There are 2 protein chains.
Amino acid sequence: MPELRKDPIMGRWVIIATDRAKRPTDFVREKVQIRSTGFCPFCPGNESKTPPEIMAYRSDGSLRNCPGWTLRVVANKFPALGIEGSLSRQGEGLYDRMTGIGAHEVIIETPDHQMTLATLPSHRVEEVLWACRERILDLKQDRRFKYVLIFKNHGEAAGASLEHTHSQLIALPVVPVRVREEVNGAREHYNFKERCIFCDIIRQETETGIRVIAENTEFIVLSPFAPRFPFEMWIIPKNHQAAFERAEKRELEQLAVVLKDMLMRLDKVLDHPAYNFIIHTSPLSESTDDYYHWHLEIMPKLTKVAGFEWGTGFYINPTPPEESAKYLREAAVTANA
Amino acid sequence: MPELRKDPIMGRWVIIATDRAKRPTDFVREKVQIRSTGFCPFCPGNESKTPPEIMAYRSDGSLRNCPGWTLRVVANKFPALGIEGSLSRQGEGLYDRMTGIGAHEVIIETPDHQMTLATLPSHRVEEVLWACRERILDLKQDRRFKYVLIFKNHGEAAGASLEHTHSQLIALPVVPVRVREEVNGAREHYNFKERCIFCDIIRQETETGIRVIAENTEFIVLSPFAPRFPFEMWIIPKNHQAAFERAEKRELEQLAVVLKDMLMRLDKVLDHPAYNFIIHTSPLSESTDDYYHWHLEIMPKLTKVAGFEWGTGFYINPTPPEESAKYLREAAVTANA
């Protein structure tokens, strides 16, 4: 008998298959491989093929928009939103529209076309996290923006259009509905219990242990109780903190270690799957300190979302999180840095 | 400059690209083709390879679970939910779970492996709609169920695992979150205006005409104002009605004609794309008569949903609905029945 489970934060139900639970080898898909065919605008020497750099990390005193960088942030050449102009809101009968103001940036994580976030040394993964933090702090000063989402699409099946490893950032003039639901869910719990629901989840999961994948001094990694996708993972800071951009050195250091470790485990257990990750952090200008708790969600791309999911918002997950946690826990790999 | 638009029912924002709007030929994807390779459990003569039939339309007095049918409804062999047992709810600290009670059925739309819902004569499409209606009316008697979703996955990219044309139905013990949001949005509008928001949308769209694709005596087809997906279409009954299963003969007749017509236009404009459709109807045991309005949503599978969409619930749509409506309007094709 399958089981329905409710996400305690969002109130979203998922269907968890329990009878014919899918193992890692049951998911048929193309392995993500670096093909290095053709021209790459993210490779050193091609800096003029991207929009001018917004920031870069360079250790050798090299020039802006020239080789010598270890990480580079540029505007997306085909942005989903435009950075120029003012926010104008307009009604039209029943309908509401707004100018598509926002920022859409690309974080080129390494000059090396052959690397992935899983194979980069962890101090270089840490650089990526610092760059995200710096960009959020900068964009936060622009009062037009209400939210910044950090995300990564790895592999074509997960929506990556260029294979050179990169993350992305979008600054938005409205708080997106999924974040709003999460923030509201967390606030409701706080109003009722005067506790953070994420802290409560960490406490309960630590007690039972069955969905814990890993932990270090600063972070815990869980298969959530009601995951939408098989092998979904949440990386949650152990200390209550609403906003990612307030993370400190020791936290980003540990996050880099655990993120790299989790991506290596995914590669090992699922043979280099495409994946997405996103950072859910507090809306920019709201005081959510008491009840919201930032975290990083990793979603390997193993299943197809079809009519049932679009029609209901209900997801069918063929692998119980207790099982995916076990596979991922046992796949502990030695970091190469 | 891209534009942000808000869906007036759900309150969901979408990003509509306006500068580099994608035309039908800009979407690269595999054409859905019937390959007819290998064994098909939905073909006549193989009735024993599916679970026993729940109902069938037969004109020739042939026997149950034998050839001679024109339409056949069977339980899904790999159901997402189980039909047997009672609904048991259980808490576990923060978490809630429920036995996965539900019905998951397959409507085999024709014995002919070569046909699609677009190429079937419209009186045969009407049979499919009658079967859906009959099944909902039957499942409604089971008090364990709160909602029945009718949906179709056409083509592998849209999640179809068998190519023999079929629709599906899932009866659920909870009202799914997407339906709940739509019902709540419609109720809020009603509380404020004492009008149905869908009726208001029909009125406003009929006046401007720019997003109207087609209409007949009973239905109007629109590109919605804030569609998540390029070339998304909504088929809405012109007369206010909350529940699909209360549709009458003249309505199902006209719905079959317009649904077939729209699927033919999709095939013509987008060269046989994969697609999903879903019927959104009222929850089974709620009185939504005043404010809810059933409809059918068609979503061609042209874009990839990636990190940004998963993280935000915000969709990026590269084709403005005014343009997709124009393409689809001009693609009027002659029905073959």
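This is a guided tour of a predicted two-chain model, moving from the sheet of chain B to the interface and then to the symmetry.

Residues are numbered from 1 along each chain as its sequence is written, and chains are lettered from A in the order in which they are written. Because the model is predicted, local features need pLDDT of at least 70 and side-chain atom pairs count only at pLDDT 80 or more, whereas totals for chains, interfaces and linings use all residues.

Begin with chain B and display its open sheet of 10 strands, ordered E3-E4-E7-E9-E8-E13-E14-E12-E11-E10 with antiparallel pairing; strands here are DSSP runs of E of at least two residues, helices are runs of H or I of at least four, both numbered from the N terminus, and two strands pair if DSSP finds at least two bridges between them. The edges are E3 (53-58) and E10 (212-215) of chain B, each of which pairs on one side only. From one strand to the next the twist averages 15°, with axes fitted as lines to C-alpha atoms, for helices over the stretch in contact, and angles taken from 0 to 180 degrees between N-to-C directions.

Next, select helix H4 (residues 249-270) of chain B, which packs on this sheet and touches E10, E11, E12, E13 and E14 of chain B, its direction making about 165° with that of E12(B); contact requires C-beta atoms, placed from the backbone, within 7 Å. Add helix H6 (residues 321-330) of chain B, which packs on the sheet against E10 and E12 of chain B, at about 35° to the direction of E10(B).

At the edge, E10(B) and E11 (residues 219-222) of chain B pair in the antiparallel sense over three bridges, and Ala214(B) stands opposite Val221(B).

Now show both chains: 55 residues of chain B are in contact with 54 residues of chain A. Elements giving two or more residues to the chain B side include helix H2 (177-193), helix H3 (197-208) and helix H5 (307-312) of chain B. Within this interface region, select E1 (residues 3-6) of chain A, which four bridges join in antiparallel fashion to E6(B); Glu3(A) has Thr99(B) as its bridge partner.

Finally, look for the symmetry: a rotation of 180° with 0.0 Å of shift along its axis superposes chain B on chain A (RMSD 0.0 Å), by least squares on C-alpha atoms of residues with pLDDT of at least 70 in both copies. That is the relation of a two-fold axis. Center on Val305(B), whose C-alpha, at 4.5 Å, comes closest to the rotation axis among the residues of chain B.

Notes. Two residues are in contact if their C-beta atoms, placed from the backbone, lie within 7 Å.
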